[in-house]
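Please work through the following exercises with the sequence and the coordinates open beside you. Each task is followed by a solution that goes step by step.

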Amino acid sequence: MADTFNYRIDHHGSLVRPAALTAARAAGDPEALREAELKAVEEAVALQRRLRSTVVTDGDFPREDFRGAVLDTVTGFRRTDEVGPDGLVRWIAESLPEADGPLLADRAGRLTELTVIAPKVSLPSPAYLAATTFHPGLGVPSARALGEALAEIVQAEIVLLVAGGVRLIQLNNPLLLGQLSTDPADPGGLSFEDALAVDALAVRLDERPEGVRIGVAPGWAAPAEVDLVRAEKLYGAVPADRWILPLDRGSRAELDLMRALPDDRDVCLGVVDATVPELEDIDTVMARIDAVGEFKDLEDAAVSPSRGFADVATRPLLAAEDQRRKLVLVETVARYCWGNEF
């Protein structure tokens with residue numbers, strides 16, 4: 001799949017919110033918040049262009065957390081005051097969801113007007129949402145049915161996004177890597193097999209215009225040991241073009257995740273740790289990438305941080321300046337790998 005559309009300097013989509021945007025949201029004035037969001041997105045686009053990123057996102061600035069693109073815009077879900085084991089506010093599905101118009105396509109359209117760089121949008125995977133919001137006896141027949149309804153909504157949104165000029169779409173399912181362990185984690189409300197079937201529905205696209213990539217981020221850290229059969233099942237069941245996989249530890253499990261990846265899929269390597277401010281040693285990073293290059297064509301690869309910097313708006317993982325330094329390092333790594341061929 002080697003071509004000119006690998007978007008080699010990538011990031012997961014969420015960025016640290018600027019102080020002015022955080023203050024505007026706390027103030028509760030909708031018009032002031034809208035103006036603050038527009039300005040913050042414009043500044044974020046300018047930052048990404050200065051950092052030579054090959055993709056541009058809105059930083060997830062209009063959303064409370066990475067799930068908001070769906071949970072904030074469709075019917076059938078209730079936000080609670082509880083916090084789940086992952087630290088996220090718990091939402092509960094009370095009926096099968098319906099979408100009343102686009103989820104992000106309108107905002108993404110404005111993003112395309114701000115830049116000539118490939119616009120990127122990140123969405124929560126329908127399998128992840130179904131696994132974490134389904135509760136028996138609340139009007140939803142099953143977690144699988146919930147996932148399939150969400151998949152139809154997400155797939156329709158992907159079609160709208162592509163038609164509007166978005167060229168890279170990433171689905172985030174933080175639960176999947178735990179399911180690839182030789183001692184699999186609890187899948188939540190949705191079995192591993194059902195999760196694969198649901199996410200497969202979401203990423204299907206009958207026609208992919210030139211340069212379009214549909215990617216999946218199956219989690220932020222590799223398990224201690226990878227079950228290669230389950231990993232191959234994941235990649236075989238979900239027809240994503242691009243897999244965003246961790247490579248910030250240099251572990252055998254990280255390499256096993258990439259060994260199992262079919263040759264016809266792109267890979268984005270999460271080469272810097274988005275959770276600590278200290279910069280990685282460039283030689284160490286390059287040695288890890290070289291190890292992947294022994295069995296994977298790096299012409300089909302890209303590099304990024306290991307995860308988003310602020311998947312939850314109020315819980316940024318780094319300060320804004322540390323985020324900038326990490327993104328600069330990703331750009332440096334890309335130039336070490338591919339020179340100026342972006």
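The exercises below concern a predicted model, and they move from single residues to cores, pockets and a helix.

**Exercise 1. Surroundings of His12**

Task: Establish where His12 lies, whether His12 is buried or exposed, and which backbone oxygen its side chain reaches.

Solution. Begin with the position along the chain: His12 belongs to the segment that precedes helix H1 (19-27). Next take the accessibility, where a relative accessible area of 6% falls under the 20% limit, so His12 is buried. Then look for a polar partner, and the backbone oxygen of Pro305 is found 3.3 Å from the side chain of His12. Finally, list the contacts beyond four places in sequence, which for His12 include Lys120, Ser122, Gln170, Asn172, Trp220 and Ile244, together with Ser304, Pro305, Ser306, Arg307 and Gly308.

**Exercise 2. The cysteines**

Task: Determine how many disulfides the whole structure holds, and explain why Cys268 does not form one.

Solution. A search of the whole structure returns zero disulfides. For Cys268, the closest cysteine sulfur is that of Cys337, and because the two sulfurs are 11 Å apart, they are too far from each other for a bond. Seen from the other side, Cys337 is likewise in no disulfide, its nearest cysteine sulfur being that of Cys268. The accessibilities can then be added: Cys268 is buried at 0%, whereas Cys337 is partly exposed at 24%.

**Exercise 3. Nonpolar cores**

Task: Identify which residues of the largest nonpolar core touch the most other members, and which helix gives the largest share of this core.

Solution. The largest nonpolar core has 83 residues, and within it Leu123 and Ile289 touch the most other members. Helix H6 (residues 143-163) contributes the largest share of this core, namely nine residues. Turning to Ile289 itself, its contacts outside the four neighbouring places in sequence are Leu247, Leu269, Val271, Leu298, Val303, Val333 and Cys337. Apart from the largest core there is another, of 20 residues, among them Leu15, Ala274, Phe309 and Leu327.

**Exercise 4. A pocket and a cavity**

Task: State how much space lies in the largest pocket and in the largest cavity, and which elements supply at least two residues of each lining.

Solution. Take the pocket before the cavity. The largest pocket holds about 470 Å³ of space, and of the 21 residues in its lining, Phe66, Pro85, Asp86, Leu88 and Tyr128 lie nearest its centre. Strand S3 (89-93) and helix H5 (126-133) each give at least two residues to that lining. As for enclosed space, the structure has three cavities of 30 Å³ or more, and the largest cavity holds about 100 Å³. Its lining includes Gly13, Thr57, Asp58, Asp60, Arg63, Lys120 and Ser122, while helix H4 (105-114) and strand S4 (118-124) each supply at least two residues of it.

**Exercise 5. Positive phi**

Task: For Arg52 and Asp60, give the value that phi is near, then decide for each whether the residue is buried or partly exposed.

Solution. The background for this step is that most residues other than glycine have a negative phi. Arg52 has a positive phi, near 65°, and Asp60 also has a positive phi, near 65°. Arg52 is placed in the loop between helix H2 (30-50) and strand S1 (55-56), and Asp60 in the loop between S1 and helix H3 (68-71). The accessibilities then separate the two, since Arg52 is partly exposed at 49% and Asp60 is buried at 7%. Asp60 also appears among the residues that line the largest cavity.

**Exercise 6. Leu138 and helix H10**

Task: Find which residues Leu138 touches, and which elements the buried residues of H10 pack against.

Solution. Leu138 is in the loop between H5 and H6 and is partly exposed, at 34%. Its C-alpha atom is separated by 5.2 Å from that of Glu94, although the two residues are 44 apart along the chain. Beyond four places in sequence, Leu138 touches Ile92, Ala93, Glu94 and Ser95.

For helix H10 (residues 252-259), six of the eight residues are buried, and these are Ala253, Glu254, Leu255, Asp256, Leu257 and Met258. The buried residues of H10 pack against helices H7 (176-179), H9 (228-237) and H11 (282-293), and against strands S7 (242-246) and S8 (266-272).

Note on methods. Residues are numbered from 1 along each chain as its sequence is written. This is a predicted model: local features need pLDDT of at least 70, side-chain atom pairs count only at pLDDT 80 or more; totals for chains, interfaces and linings use all residues. Side-chain values use heavy atoms; hydrogens and water are left out. Helices (H or I, at least four residues) and strands (E, at least two) are DSSP runs, numbered from the N terminus. Buried means under 20% relative accessible area, exposed over 50%, partly exposed in between (1.4 Å probe, protein chains only). A polar contact is a pair of N or O atoms within 3.5 Å; within protein, one must be able to donate a hydrogen and the other to accept it, and residues adjacent in sequence count only if both atoms are side-chain atoms. Contact means heavy atoms within 4.5 Å. A disulfide is a pair of cysteine sulfur atoms within 2.5 Å. A nonpolar core is a set of buried Ala, Val, Leu, Ile, Met, Phe, Trp, Tyr and Cys residues joined through side-chain atoms within 4.5 Å. On a 1 Å grid over the protein atoms alone, a cavity is a set of points where a 1.4 Å probe fits but cannot get out, and a pocket is an open set with protein on both sides within 12 Å along at least five of seven lines; lining residues have an atom within 4 Å of a point. Grid points are joined across faces, edges and corners, and a volume is the space filled by probe spheres set on the points.
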